[in-house]
Amino acid sequence: MGLPPCRCGPGRVPYGLVTSLRPQVPSDKVMFDEPHRSQILKGGAVFDVRRLRLLREVELRGTLSAVAEALHQSPSSVSQQLSQLEREVGVPLLQRTGRGVQLTPQAELLSARTATILDQLEQARTDLAVAEEAVIGTVDVAVFQSAALALMPRTLTLLAERHPRLRVTLTQHEPETALRGTWARDFDLVVAEEYPGHAAPHHPGLDRVPLTRDRIRLAVPRDAAFDPVTSLADAAGLSWVMEPYGAASRHFAEQTCRVAGFEPDVRFSTADLQTHLALVRSGNAVALVPELMLTADDPAVRLVDLAGEPTRSVFTAARTTSAQHPALVAVREVLAEVAGRRRG
């Protein structure tokens, strides 16, 4: 038996599709636009798509509390809905493992099918939006700090001017976790980065579109005491600021210094690149900084080119099932325009 006719109103999401590409809602929180119950009927059993998605989320996130937080529900509500799904399916779906839960083999099968169903529903909604050619809805964007500072203000201004019915939300996030979050439907689009020799994680079902490349340079204080620094090797005895361990930029910076023949004296560690520049301006440190964080007329910072002129790649990624949605296409087009103007 097929799906029952959808009586959703204009702009509503048919059959329980959960996505952020949707009309604006009068709330500060992300809402899931599912006004009508969505069901899959087979052999007399009724499977609610919303409950199926909860099962999929448990597999992705590991705990009921994490699922509840991601979907803006209470843990008790998530637990109750999963219990109802278990009754509908007629087999055990979850088993306790320490502080978390684990899917049973039957639940893993059901979760895999659910992933396909969610992809097909999202693709269907994208197809409908393409047919309507309307740039409308909400696009949730995850972006790392330097791109947020350099690209997003102008991008948001242009989008508001050209597409007034489009709503864009912005969350600063590290690229590695944001890529996974986009794959898991936490975001619709991610602006991510790759440092030389450090490929960003790949997730199935995500595309990648190059956005820009920016050179990485040594930033030193514009002070007479630092005039002798004309190459990276000259910075061997200076204090450094870098991102915390685990960041691709940290590994790149350390390796670059080692190739130049020294171990950097990293006295300051922070993920905030504006703090990096503040420490450079004040004469307390030197740093390797990408161009997106730099301005040519900074009176307190002098830039030194690195051997080989290494560059950082910046790209966008989205789920292939929503990549052609007019709202998402519009955001990508304006982002590319702003990045191109900055390069020019």
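What covers the buried residues of α9? The answer is best approached from the whole chain, which is presented here as a predicted model.

The protein chain contains 10 helices and 13 strands. Of its 344 residues, 47% count as buried. Among contacts between residues at least 6 apart in sequence, 72% join residues at least 24 apart. The chain exposes about 16700 Å², and carbon and sulfur atoms supply 52% of that area.

Helix α9 spans residues 273–281, and within it L273, H276, L277, L279 and V280 are buried. These residues cover an arc of only 160° around the axis, which puts them on the same side of α9. An α-helix has 3.6 residues a turn, so residues three or four places apart point the same way. The cover over the buried residues of α9 includes the helix α5 (145–150) together with β8 (209–221), β9 (239–242), β10 (265–269), β11 (287–290) and β12 (301–304). Both ends of the helix have a local feature to note. At the start of α9, a side-chain oxygen of D272 comes to within 3.0 Å of the backbone nitrogen of Q274. After α9 comes G283, where phi is positive, near 85°.

Two of the strands that cover α9, β9 and β10, are among those named above. They run parallel and are joined by four bridges. One pairing across them places M242 opposite its bridge partner in β10, S269. Between β9 and β10 the chain passes through helix α8 (residues 248–259), and this β-α-β crossover is right-handed.

The loop between α9 and β11 holds V286. With a relative accessible area of 0%, V286 is buried, since the cut-off for that class is under 20%. Leaving out residues up to four places away in sequence, V286 touches L218, A219, V220, P221, F226, A235, L238, S239, W240, V241 and V280. One of these, V280, is also among the buried residues of α9. The C-alpha atoms of V286 and V266 are separated by 9.6 Å, and these residues stand 20 residues apart along the chain.

Attention may now turn to strand β13, which comprises residues 311–318 and includes T316. R312 lies in this strand as well. Is R312 buried or exposed? R312 counts as buried, its relative accessibility being 0%. Its side chain is joined to that of E193 by a polar contact of 2.6 Å. Beyond its neighbours within four places in sequence, R312 is in contact with F144, S146, E193, E194, Y195, T212, R213, D214, I216, P290 and L292. T316 is likewise buried, with a relative accessible area of 3%. The side chain of T316 makes a polar contact of 3.0 Å with the side chain of R332. Apart from residues up to four places away in sequence, T316 touches L189, V190, V191, D207, R208, V209, L211, R332 and L335.

Helix α2 offers another example of a helix with a buried face. In this helix, which covers residues 64–71, L64, V67, A68 and L71 are buried. Viewed down the axis of α2, its buried residues fall within an arc of 100°, so they line one face of the helix. Against which elements do the buried residues of α2 pack? They pack against α1 (49–61), α3 (75–89) and β4.

Strand β4 (residues 100–103) pairs in turn with strand β3 (residues 94–97), in the antiparallel sense and over four bridges. Within this pair, T97 stands opposite G100 in β4. The strands β3 and β4 form a hairpin with two residues between them, and G98 in the turn has a positive phi of about 65°.

Positive phi values also occur at residues other than glycine. H72, just after α2, has a phi near 55° and is not a glycine. H72 sits in the loop between α2 and α3 and counts as partly exposed, at 46% relative accessibility. R185 also takes a positive phi, of about 75°, although it is not a glycine. R185 is found in the loop between α7 (175–183) and β7 (189–194). In contrast to the partly exposed H72, R185 counts as buried, at 15% relative accessibility.

Note on methods:
Residues numbered from 1 in each chain as written. Predicted model: local features only at pLDDT ≥ 70, side-chain atom pairs only at ≥ 80, totals over all residues. Heavy atoms only, no water. Buried < 20%, exposed > 50% of the residue type's maximum accessible area, 1.4 Å probe, protein only. Arc of directions from axis to C-beta. Contact = heavy atoms within 4.5 Å. Polar contact = N/O pair within 3.5 Å; in protein donor to acceptor, adjacent residues only side chain to side chain. Areas by Shrake-Rupley, 256 points an atom, 1.4 Å probe, with all protein chains shown as cover. Pairing = 2+ DSSP bridges. Right-handed = clockwise from strand over helix to strand, strands pointing away.
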